[in-house]
Amino acid sequence: MQTEDAPIVKFVQHILLDAIKQGASDIHFEPYEHQYRIRYRLDGLLIEVPSVPVNLSTRITSRLKILSNLDISERRRPQDGRFNMTLSENQSIEFRISTCPTNMGEKVVLRILNPVNTQVGIESLGLTIQQQALFMDALSKPQGMILVTGPTGSGKTVTLYSALNLVNTPSVNISTVEDPIEINIHGINQVNIHPKAGLTFATVLRAFLRQDPDIIMIGEIRDLETADIAMKAAETGHLVLSTLHTNSASDTITRLMNMGLPPFAIAHSLRLLIAQRLIRKLCDACKLPDYPTNSLVLAMGFTPEQAAQLKAYKAASCTLCTNGYKGRLGLFELIPITSSLSDIILSGGSSRAILQQSISEGMVSIRQMGLMRVQQGLTSIHEINRMTCA
């Protein structure tokens, strides 16, 4: 049996190493009637790699399950697990595996948890100098809440881990509750929720508050109970970091109110709202000049003066990149909760009122940041239109 499966072992090893080498964040193994498709998620988009005969799908899935200590005989129910791959004496990559039965067999998705990807400095996230100052100021406060918002895959976890790495010193007690733990960080107490065992976000948060915490990170605020405990912790001498799924920073306030939180709790506990997206960066080796029409440039939001001076670029393709793009860059909008914004929140103001006040106080929107990156030649007009709304 070992001899028979040796090619499968080598093939799976090759796929894992190749995905790491190319900088993929996920690997998808997908069985279909006449094809077994394998795709890497590179810079946010799925890219197909050479497929293998469909009759090998079961053996490949079994190999991945063996690596993860999953039940190879169970094919009717989803399973989740983890495994590590040692690349060298000083480097180990963790994979998170999820299996799901489909009508053609089991689909398997691997999330590549590379510690290097979460050790990004605040200055490397893509924030402007002014935004960095706002972020650093909020992190320096002894209490309050910092909320990072955005859709799945927008880089919220990297932003939070970057913040934790910055404040992780022997003089503070940092605890996190996550679902799941993405990366293990030395010096931080991390808890993976386990609802069947009674470990929910809310129960773990209550336990944290009895353990003399300074900083608490919550992987995601999903319900009123968790939000309420987090807000109270932020009001009583703790710095709380968390994420929420909203489309913009200003929408976050409305979302919290809709969850059932009273306006006074939101106004008194929030310190900073961050919304973000990830865009693909143009490959410097092959990008080409772009000559959009003046009407398109103006419709995107550029001023006539900016349109006249714009030097835009578009994607090409070369051996160093994926379809003309290489790497990703964050677009951010930050809203510090000022006294004026607190008054709007306390009066039950709408997200539109919050947005207008934030703009008057100098907030740069995600769209505006995207236009800045086009002006700087870092990304394309196509990418900004794909990822942001005018």
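**Exercise 1. Cysteines**

Is Cys100 buried, partly exposed or exposed? Work out the class, then look at the disulfides.

*Solution.* Keep in mind that this is a predicted model. Start with the relative accessible area of Cys100, which is 39%. Buried means under 20% and exposed over 50%, so Cys100 is partly exposed. Now take Cys389: at 69% relative accessibility, this residue counts as exposed. Finally, turn to the bonds themselves. A disulfide joins the sulfur atoms of two cysteines covalently. The structure holds zero disulfides.

**Exercise 2. The two sides of helix 12**

Find which residues of helix 12 are buried, and explain why they line one face of the helix.

*Solution.* Begin with the span: helix 12 covers residues 351–360, and its buried residues are Ser351, Ile354 and Ser358. Next, look down the axis of helix 12: the buried residues fall within an arc of 60 degrees, so they line one face. Then turn to the face directed away from that buried side, where you will find the exposed residues Arg352 and Ser360. What lies over the buried residues? The cover includes helix 7 (249–259), strand 15 (325–336) and helix 11 (339–346). To finish, step past the end of the helix to Gly362, which follows helix 12 and has a positive phi, near 105 degrees.

**Exercise 3. Salt bridges, pair by pair**

How many salt bridges does the count come to? Go through three of the pairs and place their partners.

*Solution.* The count comes to 16 salt bridges. For the first step, take Arg37 and Glu30, whose side chains meet at 2.8 Å, N to O. Both of these residues are buried. They also belong to a network of salt bridges that links Glu30, Arg37, Arg39 and Lys107.

For the next step, take Glu74 and Arg76, which form a salt bridge at 4.0 Å, N to O. Here the partners fall into separate classes: Glu74 has a relative accessible area of 17% and is buried, while Arg76 has 73% and is exposed.

For the last step, take Arg280 and Glu383, paired at 3.0 Å, N to O. Arg280 sits in strand 12 (residues 270–282) and Glu383 in helix 14 (residues 381–387), so this pair ties together parts that are 103 residues apart in sequence. Arg280 and Glu383 are both buried.

**Exercise 4. A buried lysine**

Which side chain of opposite charge is nearest to Lys156? Describe what surrounds this lysine.

*Solution.* First locate Lys156: its place is in helix 4 (residues 156–167). Then check its charge partners. The nearest side chain of opposite charge is Glu220, 7.1 Å away. A salt bridge needs a separation within 4 Å, and Lys156, though buried, has none. Now look for another polar partner: the backbone oxygen of Pro151 is 3.0 Å from a polar atom of the Lys156 side chain. Round off with the contacts beyond four places in sequence, among them Val148, Thr149, Thr243, Leu244, His245 and Gln276.

**Exercise 5. Around Ala267**

Is Ala267 buried or exposed? Give its contacts and its distance from Ile97.

*Solution.* Ala267 belongs to helix 8 (residues 263–269). At 5% relative accessibility, Ala267 counts as buried. Setting aside neighbours within four places in sequence, Ala267 is in contact with Ile337, Ser342, Ile345 and Leu346. As for Ile97, it is 170 residues from Ala267 in sequence and 40 Å from it in space, C-alpha to C-alpha.

Technical notes:
Residues are numbered from 1 along each chain as its sequence is written. This is a predicted model: local features need pLDDT of at least 70, side-chain atom pairs count only at pLDDT 80 or more; totals for chains, interfaces and linings use all residues. Side-chain values use heavy atoms; hydrogens and water are left out. Buried means under 20% relative accessible area, exposed over 50%, partly exposed in between (1.4 Å probe, protein chains only). Helices (H or I, at least four residues) and strands (E, at least two) are DSSP runs, numbered from the N terminus. The arc is that of the directions from the helix axis to the C-beta atoms. Contact means heavy atoms within 4.5 Å. A disulfide is a pair of cysteine sulfur atoms within 2.5 Å. Lys and Arg count as positive and Asp and Glu as negative; His and the chain ends are not counted. A polar contact is a pair of N or O atoms within 3.5 Å; within protein, one must be able to donate a hydrogen and the other to accept it, and residues adjacent in sequence count only if both atoms are side-chain atoms.
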